[in-house]
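Reader: I should like to go through this structure term by term and ask what supports each description. Where shall we begin?

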Amino acid sequence: MATKRINPADVAMKQVELAQKYLDLDHGIFEKLRHTERDIIVHFPVKMDDGIVRVFTGYRIQHNDTRGPFKGGIRYHPDVNLDEVRALAMWMTWKSAVVNIPFGGAKGGVTCNPKQLSMGELERITRRFTWEISSFIGPEMDIPAPDVYTNPQVMAWIMDTYSMRKGYAVPGVVTGKPIELGGSVGRFEATAKGVFVTAVEATKHLNLPIESSKVAIQGAGNVGGVAARFFERAGARVVAISDSKGGLYNPKGLSIDKALKCKNRYSCFIEEEIGEAEIITNEELLQIDCDILVPCALESQITEENAPKVKCKLVVEGANGPTTPEADDILFDAGIFIVPDILANAGGVTVSYFEWVQNLQELLWSEEEVSTRLTNIMSRSFLEVLRISQERKVHMRIAALILGIGRVAEAARLRGIFP
Ligand code: NAD
């Protein structure tokens, strides 16, 4: 999408350096937080359906575990690389701290194209990758979860492979599992629900009634697709939604049910299946005249090139790292309010934490319990970040970084440096 190649690790580093101006951390602690604790890179063979062996590269990057076990998703995508996973791991650390969950931050991924893999190949890749990193994960050490193009089935294979190695069932090794294997009710919807709750808090702050707002959503997966349903249910008009191939637009509002059914059936959006809607590109979606823009796909989508054309009042970042620092400044100057990723999409890690707690204690919480706790944490965190933003006169991203990095830094100071 962007013409200039943007490195997410540079973006993540720029953000920490920006936050340091306000935090003024001790040099040693700042240095520690700028670095990942452990980078695991594995190259592993997998037998494909045609009998040929292919070697895949996988990553598990553990950024920081000062406040608790490493935590973060696993992504399967052709563009997965060391710098991307490092950035995503760092954002996980700040995110867990923003919502005050006792986890650190990690991320993983395998460079592959799941759209070209059979279920059997996907399973063998997952199991072998899990085996390769299994000395470094576990309920007390590092707990993976789903991310782009991984899902509850992939988590089930991870749980099974790890359990086979241990010799007994270890449900707490991953979150986002199927309910039947110790997954939590409400985990599948959790990230989208968190996006929605923080969006509602932001609309209250901006005096922008959610019922009459026009919403454009980039990405129609676990985050974007489910978020679209939450917005529609609240009475908002979802005017656009997209996937990797492009999107749909109807200024009067789309039927999300029809759009998602079409995508499920044909793996893409088809105009004729939806009724009144026109096909648009992802670039066009970002420039649509709307009230709320919700990027829920990949990093570096809103850049200095297209940011001047963004026409919404509010951006709620369902995706990790969708806005570059240069674009941030442009949006801020244009008076566009941003709910940053490490706050907006923290509902996923929050309910992952609930899932892990239930697994460790062998408890089963009700849907209402999960939903109420999640809503409270997301609303409280939004208000905490907003307060910092008002007191320090900074925009919401800096405020969230001040809160998240500040909490991790204080924990690091208290623990001290070993030995
Ligand atoms: P997903 O695989 O369920 O869906 C990804 C969606 O993005 C799909 O609709 C896909 O078609 C679309 N997409 C892929 N490439 C695209 C492109 N170039 N342009 C536009 N759309 C594109 O993944 P997800 O879990 O919904 O994750 C989406 C984002 O949310 C990622 O940034 C992820 O890191 C972040 N996130 C996910 C979770 C979670 O719990 N799943 C939690 C926090 C953050």
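Author: We may begin just after helix H15, where Gly416 takes a positive phi of about 80°. The model is a predicted one, and the angles and distances discussed here are computed from it.

Reader: What makes H15 a mostly covered helix?

Author: Buried means under 20% relative accessible area. In H15, 15 of the 20 residues are buried, and on that count the helix is described as mostly covered.

Reader: How do you know that the length of H15 is close to the expected one?

Author: The expected span is 1.5 Å times one less than the number of residues. For the 20 residues of H15 this comes to 28 Å, and the span from the first C-alpha to the last is 29 Å. Helix H14, residues 367–392, passes a similar test: its 26 residues reach 37 Å, close to an expected 38 Å. Just after H14, Lys393 takes a positive phi of about 55°.

Reader: Which residues of H14 are buried, and what do they pack against?

Author: The buried residues of H14 include Val370, Leu374, Ile377, Met378, Phe382, Val385 and Ile388, and among them are also Glu384 and Ser389. The buried residues of H14 pack against H3, helix H6 (187–206), strand S12 (337–339), helix H12 (341–344), H13 and H15.

Reader: What makes a group of residues the largest nonpolar core here?

Author: A nonpolar core joins buried residues of the nonpolar kinds through side-chain atoms within 4.5 Å. The largest such set has 69 residues, and those with the most contacts inside it are Trp94, Ile217, Phe231, Ile292, Val294, Val316 and Val339. H15 provides the largest share of this core, 11 residues. A second, separate core has 25 residues, including Val42, Phe44, Phe56 and Ile137. As a general matter, nonpolar side chains in soluble globular proteins tend to be buried together.

Reader: Which residues does Val339 touch?

Author: Leaving aside residues up to four places away in sequence, Val339 touches Thr198, Ala202, Leu314, Val315, Val316, Glu317, Ala344 and Phe382. Phe382 is one of the buried residues of H14.

Reader: Why is Trp157 called buried?

Author: Trp157 has a relative accessible area of 8%. The cut-off for buried is under 20%, and therefore Trp157 counts as buried. Trp157 is found in helix H5, residues 152–166.

Reader: Which residues does Trp157 touch beyond its neighbours in sequence?

Author: Not counting residues up to four places away in sequence, Trp157 touches Met119, Leu122, Glu123, Thr126 and Arg127. Arg127 is 30 residues from Trp157 along the chain, and the two C-alpha atoms are separated by 6.3 Å.

Reader: Why is Asn100 called partly exposed?

Author: Partly exposed lies between the limits of under 20% for buried and over 50% for exposed. Asn100 has 38% relative accessibility, so Asn100 counts as partly exposed. Asn100 is found in the loop between helix H3 (82–98) and strand S4 (105–111), and has a positive phi of about 60° although it is not a glycine.

Reader: Why is Ser267 called partly exposed?

Author: The relative accessible area of Ser267 is 43%, and so Ser267 is partly exposed. Ser267 is placed in the loop between helix H8 (256–266) and helix H9 (271–274). Ser267 also has a positive phi of about 60° although it is not a glycine.

Reader: What makes the peptide bond from Phe418 to Pro419 cis?

Author: Omega for that bond is near 5°, and the bond is cis. Pro419 lies in the segment after H15.

Reader: How many cavities of 30 Å³ or more are counted, and what lines the largest cavity?

Author: The count comes to one cavity of 30 Å³ or more, and the largest cavity has a volume of about 50 Å³. Its lining consists of Gln15, Leu18, Pro325, Asp328, Asp329, His395, Arg397, Ile398 and Leu401. Helix H1 (8–23), helix H11 (325–333) and H15 each give two or more residues to that lining. By class, the lining has four nonpolar, two polar and three charged residues.

Key
Residues numbered from 1 in each chain as written. Predicted model: local features only at pLDDT ≥ 70, side-chain atom pairs only at ≥ 80, totals over all residues. Heavy atoms only, no water. Buried < 20%, exposed > 50% of the residue type's maximum accessible area, 1.4 Å probe, protein only. Helix = DSSP H or I, 4+ residues; strand = E, 2+ residues; numbered from the N terminus. Contact = heavy atoms within 4.5 Å. 1 Å grid on protein atoms, 1.4 Å probe; cavity = no way out; pocket = protein on both sides within 12 Å on 5 of 7 lines; lining within 4 Å. Points joined across faces, edges and corners; volume = space filled by probe spheres on them. Nonpolar A, V, L, I, M, F, W, Y, C, P; charged D, E, K, R; others polar.
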